[in-house]
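Biologist: I would like a close look at one part of this model. Please take the sheet, strand by strand, and then show me what is packed around it and elsewhere in the chain.

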Amino acid sequence: MNSDLSPGTHGFQHRGTTQTYHVAGEGPVMIAHSGGPGVDHSYLRSSRLEEHFTMVYVEPVGTGGSRPLPAGATYVDTYVDFLSAIVDRLGVPRVHILGHSHGGLVAQRFAFLHPERVAGLVLYSSTPVTDAAFWAAATVAADAYPGRGSGGAEARAARDALNDESPVFTDEEKTAALRAGLPVYFADFWGRREEFEPLRGAVRSWRVTFETTAVDYRADLAAVSAPTVVICGRHDFICGPVWAEALHRSIVGSRLVMLEDSGHFGQVEEPDRFLDAVLLVRDWDGAVATELRAVFRGGDDAAVTRMALAEIERARATGEPAGQVEGIYAMARVALRAGNLARSEELASSALRIAERSGVRRLEERPRHVLAAVARLSGRHAEARERYLTSIALNTELGQPELVNAEYHNLSFIELRMGHLDRARQLFAEGRERVFRNCYRDFVPYLGVAAAAMATADGEFERAARMVGFSDSAYAAARQLPDPDDAAELDAARAAALTAVGEAEFAHAYAMGAVLDPAEAFHLEWGAC
């Protein structure tokens with residue numbers, strides 16, 4: 001292990017100042033830069049983050065063991081210079097950076113000046129701008145604080161302490177002023193005083209002064225290419241939603257997480273949600289994929305397209321194949337839903353080429369799935385069959401049984417369309433048994449589609465109508481739309497059943513199916529899972 005990343009306290013000389021930092025935890029390196037400026041780092045320490053990252057807690061220059069503040073220091077650039085020195089010292093090619101409040105300004109500037117050094121960015125309770133409008137908005141929000149919740153006279157006293165512009169001359173006076181006004185930074189300090197008072201009693205601050213505190217990085221943030229999560233407390237009076245939205249808009253492909261019951265200190269106000277939000281930056285590919293697929297199933301193709309384009313742009317800037325593949329795959333699915341099969345095949349083929357060049361086999365899975373679906377919807381059944389078999393083999397190799405099950409489901413329809421009814425019936429039955437045995441509950445709506453298609457092929461149109469009702473109800477309960485190929489199968493079964501039994505009988509059977517429990521519908525019991 002690099003000795004500069006070993007657990008404990010470290011220090012080195014930079015520009016006549018001892019830069020101190022603390023290391024704890026394990027995993028990818030994340031540097032945490034506290035706010036202020038001039039506030040001690042210790043409030044930002046998190047044992048929960050240390051379970052997922054090697055945390056490097058910076059004592060910002062001018063605080064604690066990192067003094068003195070160099071002569072002529074500036075509001076942000078001096079801190080960026082010392083942060084850069086720490087990154088160089090650690091000897092890690094790229095690091096994650098978590099910047100809180102003013103530390104978020106430092107993180108932003110470092111990220112657009114040194115994009116090649118940033119693996120991920122968490123901008124927590126921060127802002128891209130500190131102009132006169134920013135400070136005026138903070139004053140208005142602080143003035144409204146006593147009327148927002150409990151606290152009474154104590155809340156008014158905290159507000160008055162925060163707004164007190166009397167000069168401070170010592171570090172002790174600066175600390176006392178911060179502690180007096182700190183309740184305003186919380187969504188509900190007085191209602192949860194026992195939880196938050198320890199932070200208030202422990203926080204320290206050092207007197208730091210600058211010629212100007214005005215910066216505006218909104219135009220520069222387009223150069224940030226790292227995965228970025230913006231975290232904001234809904235009730236943050238100083239770096240609230242309007243500034244978080246400005247960050248989110250300025251950084252292509254960023255994700256905004258709003259902590260609804262927090263102010264400025266979400267890590268103690270909503271620790272579980274805060275941790276989940278930070279972990280998004282570590283598990284970026286999976287998080288983006290999950291969100292894109294959920295939005296697609298919800299039917300908002302315009303949102304999918306916006307998100308996909310942002311992820312493609314971000315991933316291309318960093319040379320990350322996973323993000324490119326996921327974004328292009330998402331757009332291929334949108335084209336598939338729109339019936340533009342040629343465009344869908346073009347996009348999926350492009351995504352597959354990127355995946356194959358990357359040498360990461362798992363990236364091939366989604367493009368291959370779309371290419372098989374295009375062949376299926378184009379009526380090229382023999383080609384679709386081969387593509388689904390290839391996809392099944394790949395997912396078996398990757399150890400992804402749920403996706404193996406899904407591709408067998410799709411293969412069943414190909415056998416059905418090729419006239420292999422017995423084989424299709426067998427595959428559908430095996431698929432149902434896997435779903436119930438392994439508790440793949442999200443797959444229940446697709447079982448209804450399969451049953452409706454098989455019933456139609458067998459001439460059992462009343463059952464087909466019942467299974468169409470079951471499927472529609474199951475998709476609605478999941479708040480999803482069927483995938484394009486399943487939607488086509490469902491529409492075909494619906495039309496055939498309506499024609500065969502008439503509107504009245506179809507409506508009756510449909511209604512009966514819509515209220516069926518899955519176990520009742522398929523005469524199977526869920527496994528012990």
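Modeller: Start in the middle of a strand pair. Val122 stands opposite Val229 in E7. The model is a predicted one, so keep that in mind throughout. E6 and E7 are parallel partners, joined by four bridges.

Now stay with E7, residues 228–233. How many of the six residues of E7 are buried? Six of the six are, so E7 is largely enclosed by the rest of the structure. In a regular strand, side chains alternate between the two faces of the sheet. Check the faces of E7 one at a time. Thr228, Val230 and Cys232 lie on one side, and these are buried. Val229, Ile231 and Gly233 lie on the other, and these are buried too. Both faces of E7 are therefore covered, as the cut-off for buried is under 20% relative accessible area.

E7 has a partner on its other flank in the sheet order, E8. E7 and E8 also pair in the parallel sense, over five bridges. Gly233 stands opposite Leu259 in E8.

Go back across E6 to E5. Strand E5 covers residues 95–100 and strand E6 covers 118–124. They run parallel, with six bridges between them. Ile97 has Leu121 of E6 as its bridge partner.

Now the whole sheet. Eight strands make it up, in the order E1-E2-E4-E3-E5-E6-E7-E8. The sheet is open and its pairing is mixed. E1 (8–14) and E8 (255–259) stand at the edges. Each has a single partner strand, so one side of each is left without a neighbour in the sheet. On average, neighbouring strands are turned by 20 degrees against each other, direction ignored.

What lies across these strands? Helix H9, residues 271–282, lies across E3, E5, E6, E7 and E8. H9 runs at about 170 degrees to E8.

Further along the chain, look at the helix pairs. Two packed helices are described by the angle between their axes and the distance between the axes. H12 (residues 321–337) and H13 (residues 341–358) have axes that come within 8 Å and cross at roughly 165 degrees. That makes H12 roughly antiparallel to H13. Their crossing is left-handed. Contact residues include Val325, Ile328 and Met331 of H12, and Leu347, Ala351 and Ile354 of H13. By class, the contact of H12 with H13 divides into 14 nonpolar, four polar and one charged.

The second pair is H14 (residues 365–377) with H15 (residues 381–397). Their axes are 8 Å apart, at an angle of about 160 degrees. That makes H14 roughly antiparallel to H15. H14 passes H15 in a left-handed crossing. Among the contact residues are Glu365, Arg368 and Arg376 of H14, and Glu383, Arg387 and Tyr388 of H15. The contact of H14 with H15 divides into seven nonpolar, three polar and five charged.

One single residue is worth a stop: Ser471, in helix H19 (residues 461–478). Ser471 is buried, with a relative accessible area of 0%. Leaving aside neighbours within four places in sequence, Ser471 is in contact with Pro445, Gly448, Val449 and Leu490.

Last, the overall frame. The chain holds 21 helices and eight strands. Of its 529 residues, 53% count as buried. The C-alpha trace spans about 90 × 55 × 40 Å along its principal axes. Among contacts between residues at least 6 apart in sequence, 70% join residues at least 24 apart.

Technical notes
Residues are numbered from 1 along each chain as its sequence is written. This is a predicted model: local features need pLDDT of at least 70, side-chain atom pairs count only at pLDDT 80 or more; totals for chains, interfaces and linings use all residues. Side-chain values use heavy atoms; hydrogens and water are left out. Axes are lines fitted to C-alpha atoms, for helices over the stretch in contact, and angles run from 0 to 180 degrees between N-to-C directions. Helices (H or I, at least four residues) and strands (E, at least two) are DSSP runs, numbered from the N terminus. Angles under 35 degrees count as roughly parallel, over 145 as roughly antiparallel, 65 to 115 as roughly perpendicular and the rest as oblique. A crossing is left-handed if the near helix is turned anticlockwise from the far one by less than a right angle, and right-handed if clockwise. Contact means heavy atoms within 4.5 Å. Ala, Val, Leu, Ile, Met, Phe, Trp, Tyr, Cys and Pro count as nonpolar, Asp, Glu, Lys and Arg as charged, and the others, Gly among them, as polar. Two strands pair if DSSP finds at least two bridges between them. Buried means under 20% relative accessible area, exposed over 50%, partly exposed in between (1.4 Å probe, protein chains only).
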